[in-house]
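Please examine the structure below. The exchange that follows asks on what grounds its features receive their labels.

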Amino acid sequence: MKLQGTAMINEKGHLSIGGCDTVELVQKHGSPLYVMDETFLRDNCRAYYQAFSASGNGEVIYASKAFMNLAMCRVIEEEGLGLDVVSGGELYTARRAGFPMEKVYFHGNNKTDAELQQAIEYGIGHIVLDNHYEMERLNNIAGRAGRTVKVLLRITPGIECHTHEFIRTGQIDSKFGFPLPTGQAMEAIQAVVECNNLIYDGLHCHIGSQIFELESFRYAAEVMMNFIEEIHQKTGAVTSILNLGGGFGIRYTESDEPADINDYARTVLGAVQGEAEKRGLTIPKVVVEPGRSIAGPTGTTLYTIGSVKEIHGVRKYVAVDGGMNDNPRPALYGSRYEAMIANKAEQAAEEVVSITGKCCESGDMLIWDVSLPKAESGDILAVSSTGAYNYTMSMNYNRIGRPAVVFVRDGQSAVVVERESLDDLIRNDRIPPYLQR
Ligand SMILES: Cc1ncc(COP(=O)(O)O)c(C=O)c1O
Ligand SMILES: N[C@@H](CCCC[NH3+])C(=O)O
C-alpha cells in the first residue's frame, strides 16, 4: 500500500495517519473505522483552489456526493470552495453546517417539487436543470414564490471516455442532461430563455468519473465552447459559466496513474480561453466539480481481522469486521484497493490472501489476492483511498451499523460521524397496533 498524505510508519512499526497511531485509533474509536487525513484533505482543496480559482477565472465546487457531513462542509467552506449537491438531504446538510448558499449548485436528474422549493427558500446560488419537466416546474415554483432563479443547463455532449460504464455519463445514451448531438440541447436553451422566472447563466457537462486522460476534458471544453458559440449566434444569449463537472481520477492501486491537478487546470482553462478567443466570445467562468480527487486519497478504513480460513490449495480468506456495507465499490464496479496490516507495517509480505467482508453475500469481497505479512485474527487491516464514495454509499444490509468517521490531524482525532448503534438500526422501525403486545 502506498503511503499518501501524512501516512507514515511510526516507531512502533505501526501505520500512523495525521500523527495518530492507527492501532490506537481503533482502540479509542472502535472498529471498523473510517479515518480521514484532514491535513491531506485541506491540501487537496488548496491545490484545486490554487490551480483553478487563483487565476481569477475558475471556481471549484466540491462534489459532496463523494463524502459529506457537517464537519466536511466546514472544511470545504474554510478552504474557499463551493459545493455541488444532488438531493434535498445534501442541501439540508450544507445549510445546517451554515454553508454559504450562494456557493451551492443543485444537480440531479429528478429533483422533486419539495427539493426545488427547498432550494429556492434557502436562496441557493444555481440550479442545474436536467430536463424540460424540471424547467417548467422550477419556473412555476419560482414564479409562485415571487423569485427568479439562476440556472445552468446540463448538457450531454456525446463524449465517450475510458472509465467503467456505470460511472460514465457524457455519452448520448445517458439518463443525464439535454443531449447535444440530437439538437435537443439547443431546444432547451430556446425554452429556458423564454422562462420569465429563470435566469440562464450557463452550461454544465460531466463526462464521467475516475478519468485519467486530460484529452477527454480538453475535448469536452472544446465541444461545449462550440455550443456556446452556437447559442450566442442563434439566441444572442450569453453563457457566463461553463461548468465542466468532476471526474479527475485518483490512484487506488499501482496501475492507476493520475494526472497532475495543475496540468488538468492548464488543460481546461487553456482550452476554454483558446476556444473563446478563436470564436470571439467572452471567456466564461470555468467551474469544476471534483469529488473523488479531493476526498478519496485522504481516507483509510481500518478493520479488525477475524476469521482466517484456508481452502487448501485454493485460497486463503481473511475476513474483516466490515465489507460491502462500508465499501460497496468492489462489489458494484469491480474496484481494486490496496491494503496493509497496520500493526505489522514494517513486516515483509509473505502470503497472498483475499480479504472478505462479513456480509451474507459471496460477492462481499473487498480485495482479491493481496500480498500481506502473515494475517492473524486481531490484526488491524488498513485499506487505503476509501475517502470517496465509501461512507456516502454505505448501507445497513444485514442490519450492520455504519462505522464512525474520524478526522485526524497533528496527533489528534475527532469524531465527525458517530458509529451507528444497535438502537440506531431500529430507530425508524414501527410496530403497528395489531402486532403490539
Ligand atoms: C454531476 C457530477 N459532478 C461531479 C461529480 C464528481 O465526480 P468525481 O468524484 O469523479 O470528481 C459527479 C460524479 O461523478 C457528477 O455526477
Ligand atoms: N459512485 C461512483 C462514481 C459516480 C459518482 C457520481 N456520478 C464511484 O464510486 O466511483
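Q: What makes a residue nonpolar, charged or polar here?
A: Ala, Val, Leu, Ile, Met, Phe, Trp, Tyr, Cys and Pro are taken as nonpolar, Asp, Glu, Lys and Arg as charged, and the others, Gly among them, as polar. In this predicted model, the shell around ligand 1 then divides into 4 nonpolar, 9 polar and 3 charged residues.

Q: Which residues come nearest to ligand 1?
A: Ala63, Ser209, Gly246, Gly291 and Arg292 do, out of the 16 residues around ligand 1.

Q: What does the UniProt annotation "binding site" cover?
A: The unreviewed UniProt entry gives this feature to Gly247, Glu289, Pro290, Gly291, Arg292 and Tyr389. Such annotations may be inferred rather than shown by experiment.

Q: Why is Pro290 called buried or exposed?
A: A residue is buried if 20 or more other C-beta atoms lie within 10 Å of its own. Pro290 has 29 and is therefore buried. Pro290 lies in the loop between strand 13 (285-288) and helix 10 (292-295). Leaving aside neighbours within four places in sequence, Pro290 is in contact with Tyr48, Val60, Tyr62, Ala63, Gly246 and Phe248.

Q: How do you know whether Gly291 is buried or exposed?
A: Gly291 has 25 other C-beta atoms within 10 Å, so it is buried. Gly291 also lies in the loop between strand 13 and helix 10. Beyond four places in sequence, Gly291 touches Tyr62, Ala63, Lys65, Ala66, Gly246 and Ala388.

Q: Why is Cys360 called buried or exposed?
A: A residue is exposed if 12 or fewer other C-beta atoms lie within 10 Å. Cys360 has 8, so the label is exposed. UniProt, in an unreviewed entry, places the feature "active site" at Cys360. Cys360 is found in the loop between strand 17 (351-356) and strand 18 (365-372).

Q: What makes Phe176 count as buried or exposed?
A: Phe176 has 21 C-beta neighbours inside 10 Å and therefore counts as buried. Phe176 is found in the loop between strand 9 (149-156) and strand 10 (178-179). The C-alpha atoms of Phe176 and Leu129 are separated by 9.9 Å, although these residues are 47 apart along the chain.

Q: Which residues of helix 4 are buried, and why are they said to be on the same side?
A: In helix 4 (residues 88-96), the buried residues are Glu90, Leu91, Ala94 and Arg95. They cover an arc of only 135° around the axis, and therefore share one side of helix 4. An α-helix has 3.6 residues a turn, so residues three or four places apart point the same way.

Q: What lies on either side of helix 4?
A: Its buried residues pack against helix 3 (70-78), strand 6 (82-85), strand 7 (104-106) and helix 5 (113-122). The face turned away from the buried side carries the exposed residues Gly89 and Arg96. Helix 4 is followed by Gly98, whose phi is positive, near 80°.

Q: How do you know whether the protein agrees with a compact globule?
A: For 437 residues, a compact globule would have a radius of gyration near 22 Å; the protein has 23 Å, so the value agrees. Along its principal axes, the C-alpha trace spans about 70 × 60 × 40 Å. Of the 437 residues, 48% count as buried.

Q: What makes up the secondary structure, and how are contacts distributed along the sequence?
A: The secondary structure comes to 12 helices and 21 strands. Among contacts between residues at least 6 apart in sequence, 70% join residues at least 24 apart.

Key: Residues are numbered from 1 along each chain as its sequence is written. Chains are lettered from A and ligands numbered from 1 in the order in which they are written. This is a predicted model: local features need pLDDT of at least 70, side-chain atom pairs count only at pLDDT 80 or more; totals for chains, interfaces and linings use all residues. A residue is near a molecule or strand if its C-beta atom, placed from the backbone, lies within 6 Å of it. Helices (H or I, at least four residues) and strands (E, at least two) are DSSP runs, numbered from the N terminus. The radius of gyration is taken over C-alpha atoms; the globule rule is 2.2 Å times the number of residues to the power 0.38. Two residues are in contact if their C-beta atoms, placed from the backbone, lie within 7 Å. The arc is that of the directions from the helix axis to the C-beta atoms.
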